[in-house]
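Let's take a walk through a protein together, one stop at a time. Keep the 3D view open and turn it as you read.

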Amino acid sequence: MNWERSAVYRYLRYLWTYRFTAGGKWVIAGLFFSAALGSATVEIPIYQIFCALFVLLCVDRFAGFLLRPILAVRGTFPAQATVGQVVTGRYELVNQGKRTAYDLGLRFFRLPRSFSASEPETTLGHLKSGQQLSTTVGLRPHRRGLYLLPPPRAYSTFPFNLTRDGRSQAETPKVLVLPHFHPLAGLDIPIGTRYQPGGIALTSNVGESPEYIGNREYVPGDSARRIDHRSWARLARPVVREYQEEYYCRVALVLDTFVPPRRRAGREGFADLEAAISLSAAVADALSRGEYLIDLFAAGPELYVFRAGRHTAHFENILEIVACVEACRRNPFETIAPALADELTNISTVIGVFLDWDASRRHLARTAVEMGCSVKVLIVRDGETSEPIDFDEGQVVPLTIAQIRQGGIEVL
């Protein structure tokens, strides 16, 4: 039998996480302690303490049940948040009952492990029938990802602040937690341009494009399809249209997500992976401020291939992608390498954000060099790599997790 799925476990968890307040939990502890002492000896009248606590708890439950309010919770919670930064939802409580509701509160219960309340539990006061009051609820996310939070619950702790009672209705918020990163002041990467077939679709008509840029006199060998007949008739000599060639600087950002199966994630995830994702976001942010096409390759349980830059997509879309990337428990370069190899002929520069250095990563970097790409590798790791770094064909920059988290990197 799975104990966590049993009705007894769910009910006890409900009592501990919602029904009893901090004061109520102390009363419960006092009941068990006094019961244990009272059963050991009858010489000390410890049973009087037990009876007093038991009567106090019964009165609180009886009064709370009879006077429990009927509340409606109206409001919204932000759809996006950032790791480590408090996100606040604004709500209105409406008393739909016939009696005044006392000692009201609003709070999220049974939050995911990656969330915590930003403020201690407080009492909002009382609310007469039909009236409403406004309040805020703040949460602090500790890990990126897409989360379906439990709906906030409105309650009353009247009369002794030992238990919570109340019936409320609220929407279930869905929150996308984006990775936190420190923007880079500059990014020193070897750049170049390559011919891009279908460049007009890649750039959305921004910057260089195959569009008309002017006329010039006809030169033997020019395509007859480019002849401008109106200008020829006006100037009485052959004239052709001139177009700009489709050359762009296209950068591939390769994110390493491999984490050995034996490792277990903490509350904030895997420290090196989260640092690598933050660094990737910072690099993508620096590239998005320039005239680059950005191809993101990230392998989690699925391979993510995403293109942005030059108005094809926004930087926020890249953040949304990396926010949902999960750790890959087997070497992802077996998946990334074929997908990247198909694009290397059109890519100018490859930036690799790696968690380690070994034969598979070396092979990927050298394949990019052989295809005519400039390569820059950023290794996020505390300590030595699995194999010595022997890559002279490009730039290799080792970085520690603390450097990325503390924002001590201004230029890469």
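Leaving aside its neighbours within four places in sequence, which residues is Leu-106 in contact with? Find Leu-106 in strand β4, which covers residues 104–107, and look around it. You should see contacts with Val-73, Tyr-91, Leu-93, Leu-124, Thr-135, Val-137, Pro-152, Arg-153, Ala-154 and Tyr-155. Take Arg-153 from that list: it sits 47 residues away from Leu-106 along the chain, and yet the C-alpha atoms of the two are separated by 5.7 Å. Leu-106 has a relative accessible area of 12%, and anything under 20% counts as buried, so Leu-106 is a buried residue.

Now zoom out. What you have on screen is a predicted model, and its secondary structure comes to ten helices and 20 strands. The protein has 412 residues, and 42% of them are buried. If you take the contacts with a separation of 6 or more, 74% of them are between residues 24 or more positions apart. The pair Leu-106 and Arg-153, at 47 residues apart, gives you a feel for that.

Next, let's pick out a sheet. Look for the open one with three strands in the order β2-β10-β7, where the pairing is mixed. Why is one side of β2 and one side of β7 left without a neighbour in the sheet? Both β2 (80–82) and β7 (145–148) stand at the edges and have a single partner strand each, so there is nothing in the sheet on their other side. Averaged over this sheet, and ignoring direction, neighbouring strands are turned by 30 degrees against each other. In general, the strands of a sheet pair through backbone hydrogen bonds, and they can do this parallel or antiparallel. Here, β7 and β10 (residues 174–178) run antiparallel and are joined by four bridges. To see one of these partnerships, find Leu-146 and look across to Leu-176 in β10, its bridge partner. A helix packs on this sheet too: α7, residues 315–323, touches β2, β7 and β10, and its direction makes about 100 degrees with that of β10.

From here, move to the loop between β8 (153–156) and β9 (167–169), where you will find Pro-159. As a rule, most peptide bonds are trans, and most residues other than glycine have a negative phi. The bond from Phe-158 to Pro-159 is cis, with omega near 10 degrees. Asn-161 lies in the loop between β8 and β9 as well, and it has a positive phi of about 60 degrees although it is not a glycine. Is Asn-161 buried, exposed or partly exposed? Its relative accessible area is 41%, so it is partly exposed.

Asn-161 also turns up in the surroundings of Thr-21, which touches Thr-157, Asn-161, Leu-162, Thr-163 and Arg-164 once residues up to four places away in sequence are set aside. Thr-21 itself belongs to the loop between α1 (7–19) and α2 (22–40). With a relative accessible area of 3%, Thr-21 is buried.

Another stop pairs a buried residue with an exposed one. Ser-231 lies in helix α5, residues 229–235, and at 5% relative accessibility it counts as buried. Setting aside residues up to four places away in sequence, Ser-231 touches Asn-215, Ala-236, Arg-237 and Val-239. Ala-236 is in the loop between α5 and β13 (239–243), and its relative accessible area of 67% makes it exposed. Ala-236 also has a positive phi, near 65 degrees, in a residue other than glycine.

Finally, let's look for empty space. Rolling a probe the size of a water molecule over the atoms shows where such space is left. The largest pocket has a volume of about 330 Å³. Its lining is made of 17 residues, and Val-83, His-180, Glu-268, Ser-278 and Arg-405 are the ones nearest its centre. Which helix gives the largest share of that lining? It is α6, with three residues. The lining divides into six nonpolar, five polar and six charged residues.

Key:
Residues are numbered from 1 along each chain as its sequence is written. This is a predicted model: local features need pLDDT of at least 70, side-chain atom pairs count only at pLDDT 80 or more; totals for chains, interfaces and linings use all residues. Side-chain values use heavy atoms; hydrogens and water are left out. On a 1 Å grid over the protein atoms alone, a cavity is a set of points where a 1.4 Å probe fits but cannot get out, and a pocket is an open set with protein on both sides within 12 Å along at least five of seven lines; lining residues have an atom within 4 Å of a point. Grid points are joined across faces, edges and corners, and a volume is the space filled by probe spheres set on the points. Helices (H or I, at least four residues) and strands (E, at least two) are DSSP runs, numbered from the N terminus. Ala, Val, Leu, Ile, Met, Phe, Trp, Tyr, Cys and Pro count as nonpolar, Asp, Glu, Lys and Arg as charged, and the others, Gly among them, as polar. Two strands pair if DSSP finds at least two bridges between them. Axes are lines fitted to C-alpha atoms, for helices over the stretch in contact, and angles run from 0 to 180 degrees between N-to-C directions. Contact means heavy atoms within 4.5 Å. Buried means under 20% relative accessible area, exposed over 50%, partly exposed in between (1.4 Å probe, protein chains only).
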